[in-house]
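Please open the structure in your viewer and keep the sequence panel beside it. The stops below say what to select and what to look for.

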Amino acid sequence: MLCVECGEKMRRSNAPIIQKYKGAEVTVRDIPHWECPGCGEVAFDSADLKAFEKELDRAYREANGLLAPDKIKAIREQLGLSQSQFEDALGVHAPTASRWETGWAVQSRTADLLMRMAAKYPCVARDLLDRSEVRPLTGVSFGYCEVINRENGSDVAGREVSYVEGE
């Protein structure tokens, strides 16, 4: 294979690739690729390109402290939601949850924080589900939740937000 940039013969390599991705420098390791010894240009076979893209997303998630795909799936399952219900609760379009869970897309920092909050604080999860009119597929207990606006004892919509599972 000849380099499209300088015309020199490219060679196979597994050397780390440093890539600028979503505003950050990310290092991807152990992905076979073609590398030009003259100008440093990198090229991929189609199967290697898919592996590179998936590893780039994984490395970006890790470098930025974002949830891994298996953790996202675990949170969705903890909440007793289908992927479609999870998307409705988070306000994202289909098939976003599937892409996050398979590692083919990286969630935004905002979505990541919202998922973490819903997993850690049952009141947040319950409020998200209520506001999006989503009901879990399985019996999920959120326990007792009370969220009150300090100014007037209600949430921003003006309704009191005291929840007891089963109400």
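**Helix α6.** Start by selecting α6, where C123, A125, R126, D127, L128, L129 and D130 are buried. This makes α6 a mostly covered helix, with seven of its ten residues buried. Bear in mind throughout that the model is predicted.

Within α6, pick C123: its relative accessible area is 19%. The cut-off for a buried residue is under 20%, so C123 counts as buried. Now select P122, which also has its place in helix α6. P122 has a relative accessible area of 38% and is partly exposed. Add L79 to the selection and draw a distance between the two C-alpha atoms: P122 and L79 lie 9.1 Å apart in space, although 43 residues separate them in sequence. Then step just past the end of α6 to E133, which takes a positive phi of about 55°.

**Helix α5.** Next select residues 109–120, which make up helix α5. How far apart are its end C-alpha atoms? They are 16 Å apart, and this agrees with the 16 Å that twelve residues should span at 1.5 Å a residue. Colour the buried residues of α5, which are A111, D112, M115 and A118. Look down the axis of α5: the buried residues fall within an arc of 130°, so they line one face of the helix. Turn to the face pointing away from that buried side, and you will find the exposed residues T110 and K120.

What do the buried residues of α5 pack against? Show α2 (69–78), α3 (83–90), α4 (96–102) and α6 (122–131), for these four helices are their packing partners.

**Helix α3.** Stay with this group of helices and select α3. Its buried residues are Q85, F86, E87, A89 and L90. They pack against α2, α4, α5 and α6. After α3 comes G91, which has a positive phi near 75°.

**The β2–β3 hairpin.** Move towards the start of the sequence and select residues 17–21 and 24–28, which are strands β2 and β3. The two strands run antiparallel and are joined by five bridges. They form a hairpin with two residues between them. Click on K22 in the turn, where phi is positive, at about 50°. Two pairs are worth labelling across the hairpin. Y21 has A24 in β3 as its bridge partner, and Q19 stands opposite V26 in β3.

**The three-stranded sheet.** Now select β1, β4 and β5. These three strands form an open sheet in the order β1-β4-β5, with antiparallel pairing. Which strands stand at the edges? They are β1 (11–13) and β5 (42–43); each has a single partner strand, so one side of each is left without a neighbour in the sheet.

Zoom in on β1 and β4, the latter covering residues 33–35; three bridges pair them in the antiparallel sense. To see one of these contacts between strands, label R12 and W34: W34 in β4 is the bridge partner of R12. While looking at the strands, check how their side chains point. In a regular strand the side chains alternate between the two faces of the sheet.

**The cysteines.** Show the cysteine side chains and search for disulfides: the structure holds zero. For C36, the nearest cysteine sulfur is that of C6, 3.4 Å away, and C36 is in no disulfide. The cut-off for a disulfide is a pair of sulfur atoms within 2.5 Å, so the 3.4 Å between C36 and C6 does not qualify. Is C36 buried or exposed? With a relative accessible area of 1%, C36 is buried.

**The whole chain.** Finally, clear the selections and show the entire protein. It has six helices and seven strands. Follow the cartoon from the N terminus and the elements run β-β-β-β-β-α-α-α-α-α-α-β-β.

Switch to a surface view. The accessible surface comes to about 10100 Å², and 50% of it belongs to carbon and sulfur atoms. Of the 167 residues in the protein, 36% count as buried. As for contacts between residues at least 6 apart in sequence, 53% join residues at least 24 apart.

Conventions. Residues are numbered from 1 along each chain as its sequence is written. This is a predicted model: local features need pLDDT of at least 70, side-chain atom pairs count only at pLDDT 80 or more; totals for chains, interfaces and linings use all residues. Side-chain values use heavy atoms; hydrogens and water are left out. Two strands pair if DSSP finds at least two bridges between them. Buried means under 20% relative accessible area, exposed over 50%, partly exposed in between (1.4 Å probe, protein chains only). The expected span of a helix is 1.5 Å times one less than its number of residues. The arc is that of the directions from the helix axis to the C-beta atoms. Contact means heavy atoms within 4.5 Å. Accessible areas come from the Shrake-Rupley method with a 1.4 Å probe; for residues, only the protein chains shown count as cover.
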